[in-house]
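Here's a quick tour of a protein with its ligand. Have the sequence and the 3D view open while you read.

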Amino acid sequence: MMNKNDLIVVAGGGGFIGGHLVARLRQLGHSHIRAVDCKPVGEWYQSFADVDNQQLDLQEKDACMTVAKDATEIYMLAADMGGMGFIENNRALCMLSSLINTHMLMAAKTYGVSRYFYSSSACVYAADKQTSPEVVALKESDAYPAMPEDGYGWEKLFGERMCRHFSEDFGLMTRVARYHNVYGPNGTWDGGREKAPAAICRKVIAAKLSGQHQIEIWGDGQQTRSFTYIDDCIKGTMLLMHSAVEEPINIGSSQLVTINQLVDIVENIAGIKLRRNYNLSAPKGVRGRNSDNTLIQQRLAWQPDTRLEDGMERTYRWIYEQMTDQLS
Ligand code: NAD
């Protein structure tokens, strides 16, 4: 059992999911949290004065050794990543995140950390299972034979494999989640690393504020995805961390929508209708992807309970505040 004073390290604590995880751990009464990120603390989405906030580059082994010392649990959420616009154009940078996970696993092994969580991705799934918008939801075994997303997906699959072998060979307890499109407030919404839900909110808000009622959509809008609200993701992550599930498992929603339907939802929230311009040469990722949640329902009785419309409304409101704050 975890003691509330045990040290919990959140690597990538300045990022979207890491920030929400730190916030949740504090709410649960954990008093010894170390959050680490390569960004200056002033640029973190969420930071808290009672947390040991450290700015370090975790691609460096020494930095990983420094932060892992005395830790009971490590949540590895640090990665150089972003939405399709980033990962399709920065494959080498994405693969360099394998340094972060490798060094942190070594540090966790050295210091006898009790549990290690690794944030993998639906991008590990084989491309030939995602060629149609009428998808069969992806179950965990669909990652093999391996043909993941180039760059980012290979790095995640390698990271999963490292966790498995550190567990088998060195007895380090590792837990691996395959996240499917996590969205919500306090995340990236501009600058080129944002993902579809935040990008669509930003574009709709920009159209509303400027009075120019049109929107650019990447691809033909018929591509399908499922989106997981951040609170559901955090709940699933913590359940998984403290479970007996040793193999990688999906943490995702199974509510499948087209990108056009996602735009419909955001238009409804904003109370406007926009002319849609489809950019067929923009990065668009796989044709269709959904999460099969059979395994996680069986093993952890977890399922997301935030409706896409509700999660998007909260995300929209937060991005609206950011954009109008910038204007004032
Ligand atoms: P994020 O970009 O908001 O957070 C990642 C954080 O890692 C960033 O703050 C970044 O500055 C930090 N980082 C990058 N390189 C670092 C380094 N060398 N040293 C220290 N910190 C470094 O992304 P997120 O959405 O919070 O994702 C968290 C994790 O979940 C990542 O591993 C990501 O690949 C994975 N994931 C996320 C999603 C999603 O939809 N958000 C989906 C699948 C997997």
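What follows covers the ligand's surroundings and then one of the helices.

Keep in mind that this is a predicted model. Let's start with the ligand, which has 27 residues around it. I17, D37, D57, Y152 and V182 are the closest of these. Sorted by class, the shell holds 13 nonpolar, eight polar and six charged residues.

Three polar contacts to ligand oxygen atoms are worth a look:

| Residue | Atom on the protein side | Distance to a ligand oxygen atom |
|---|---|---|
| F16 | backbone N or O | 2.9 Å |
| A79 | polar backbone atom | 3.4 Å |
| Y152 | polar side-chain atom | 2.6 Å |

How much of the ligand's accessible area does the protein cover? On its own the ligand has 820 Å² of accessible area, and the protein covers 93% of that. As for which elements do the surrounding, α1 (16–27), β5 (115–121) and α6 (152–170) each give two or more residues to the shell. The largest share comes from β5, with three residues.

Now for helix α5, which runs over residues 97–110. Does its length add up, or is it off? At 1.5 Å a residue, its 14 residues should span 20 Å, and the end C-alpha atoms are indeed 20 Å apart, so the two agree. Quite a few α5 residues are buried: S97, S98, I100, N101, H103, M104, L105, A107 and A108. After α5 comes G112, which has a positive phi, near 65 degrees.

Conventions:
Residues numbered from 1 in each chain as written. Predicted model: local features only at pLDDT ≥ 70, side-chain atom pairs only at ≥ 80, totals over all residues. Heavy atoms only, no water. Helix = DSSP H or I, 4+ residues; strand = E, 2+ residues; numbered from the N terminus. Expected span 1.5 Å × (residues − 1). Buried < 20%, exposed > 50% of the residue type's maximum accessible area, 1.4 Å probe, protein only. Near = heavy atom within 4 Å. Polar contact = N/O pair within 3.5 Å; in protein donor to acceptor, adjacent residues only side chain to side chain. Areas by Shrake-Rupley, 256 points an atom, 1.4 Å probe, with all protein chains shown as cover. Nonpolar A, V, L, I, M, F, W, Y, C, P; charged D, E, K, R; others polar.
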